[in-house]
Protein chains: 2
Amino acid sequence: MRLRDLGEGNLIDRIRDRFQNSKLPVGIGDDAAIVDVPPGHSLVFCSDLLVESKHFVREIHPADSIGYKAVAVNVSDVGAMGGVPMYFVVSLAAPGDLEIAWFDLFYSGVKEACDKFGVALVGGDTSSARDIFVDVSMVGRVPQGGAVLRSGARVGDKIYVTGTLGGSTLGLELLRAGKKDGRAIERHLHPEPRHRVGVAVSKQSHAMTDISDGLSTDLTHIALSSGVTARIYKDRLPAEMGASEAQVLHGGEEYELIITATELPASIEGVTLTCIGEIIPSAKDHQVLLVDGSTESVLRPRGWDHFKAK
Amino acid sequence: MRLRDLGEGNLIDRIRDRFQNSKLPVGIGDDAAIVDVPPGHSLVFCSDLLVESKHFVREIHPADSIGYKAVAVNVSDVGAMGGVPMYFVVSLAAPGDLEIAWFDLFYSGVKEACDKFGVALVGGDTSSARDIFVDVSMVGRVPQGGAVLRSGARVGDKIYVTGTLGGSTLGLELLRAGKKDGRAIERHLHPEPRHRVGVAVSKQSHAMTDISDGLSTDLTHIALSSGVTARIYKDRLPAEMGASEAQVLHGGEEYELIITATELPASIEGVTLTCIGEIIPSAKDHQVLLVDGSTESVLRPRGWDHFKAK
């Protein structure tokens, strides 16, 4: 059966039945959802967009991985503020001739993410379109005044990253080459947001962001907004096995965290943290310096630009 | 200049500069926004999607009306719960060869809506795509336990609608015929959400929803979720001048409110309310009955279905 045979009303009923949540004041099916944020907390609010042929290709990305990832990338954003993710809405546009099976698999991935991250789907919108378009907006909570911004890095801070780098881009390359499984492909299709680490370090860390556009781009964001320079060492970068230098330095969709702090332990919540460098005063520009043996050069942001990319 | 010449980073800077808001703990440009909800309030959370060629056509819908409307329809949803709209994020996908002028005009419409409705843009996401997609997610506040649902209609309630009906669909028809202005076109391009009425009646009303899919469809939602029948009278419907019977009964994108209550005044916040019928017990099915002179018939929902519509 295809989407246009089911119809929009039946599709929404199907989603509501699957994501029924009796703990909410108002969930799916009214004009808006009604949810509560505990006293003493601010709201963390973000959205992330996945577009067919740009973020995924229907032929090589299974529908459940798209549903999972659309939620996971928002969990990562909330975690990168030191927040706890809570509720989300999904806006989904898709061609009327799309098989209902694609949808059911997509929402299986969404459900998997709900269970894994402790978040709940509470609403959204649907439309037809030529291409598939998935936009998730999420709200979470953070103790008032406790959010960790990109702009807080201090001279003398050590720079840490969680996990390994380069795996997601390597995984995409392998998928395009026809491979079906392996650790790098898993990292690309089912990224592990580090929100629990983000919450755990929120009191000790001065600046934090997640790596969605690539280390070079996202660390440059910290340098620019904090008004500092970040010096990192090539031989300290925790490369995913098999990843190229470019994949490690510039690969996007990692969803690892970059954290600056005086000192952090080597492992938090079971996730390895690697100290890759330090924050130093800016001589002129706020930028990232890469030390390779005895040479030091500026690491320009070479991450993803959706409008310029081919 | 085109979008791909500007690039994603510069586009985000441009939006940030335009929507800078020093009153927020964290606004545009970090992983997520941080905002506050006053104590004693629940969060109202919703999203609404506009897709090129489905919700609008680039040639006949000016970019500022698309930006304005994307915000206004969410304001309407929050208001239809009895809530006060506060903050929103915009996810925008567009072709790389789109002129920057389109963007600037789009964000002028967004800004107009911010000023008019007292809401603030706090973040979002961007991507390239073949077609333009705009998804706005909004949060608002409602006193805890004070949200007005679709499911609360009671036997004996009167059924009210705000404003007039049929104008938006008539306006679209006129736009397609090459007309450029007039009241109906204005209703289509710059709908007036009735959120202030929604808040004002929230304590007296038992059920409320906004008319986004058409009176027949949205009133059926109230009947079904409340387990009642709604009887309305054709000669009481407040038709927009020039609108056909089908446009009044089934036309979508009105963003007027349907409210059920024991009794409401004829005008609230300067907006006319019309009593169009009453809630009666359901004999068998929960449905809408339309009285036309001495005959009464079932008014089937004939509103918009995005997947079935041509």
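Two strands pair if DSSP finds at least two bridges between them. Helices (H or I, at least four residues) and strands (E, at least two) are DSSP runs, numbered from the N terminus. This is a predicted model, in which local features need pLDDT of at least 70, side-chain atom pairs count only at pLDDT 80 or more, and totals for chains, interfaces and linings use all residues. Residues are numbered from 1 along each chain as its sequence is written, chains are lettered from A and ligands numbered from 1 in the order in which they are written, and side-chain values use heavy atoms, leaving out hydrogens and water.

Strand 2 of chain A has partners in both chains. Strand 5 (residues 133–143) of chain A runs antiparallel to strand 2, joined by 11 bridges. There, Val44(A) has Gly140(A) as its bridge partner. Strand 1 (residues 33–35) of chain B is also antiparallel to strand 2, with 3 bridges. Leu43(A) is partnered by Val35(B). Of the 11 residues of strand 2 (residues 41–51), 10 are buried (under 20% relative accessible area, with exposed over 50% and partly exposed in between; 1.4 Å probe, protein chains only). Strand 2 is therefore largely enclosed by the rest of the structure.

Now the charged pairs. The whole structure holds 40 salt bridges over all chains (a side-chain nitrogen of Lys or Arg within 4 Å of a carboxyl oxygen of Asp or Glu). The table lists some of them.

| Pair | N to O distance |
|---|---|
| Asp30(A) and Arg150(B) | 3.7 Å |
| Asp115(A) and Lys111(A) | 3.2 Å |
| Glu296(B) and Arg231(B) | 3.1 Å |

Asp30(A) and Arg150(B) are both buried. Asp115(A) is exposed, at 56% relative accessibility.
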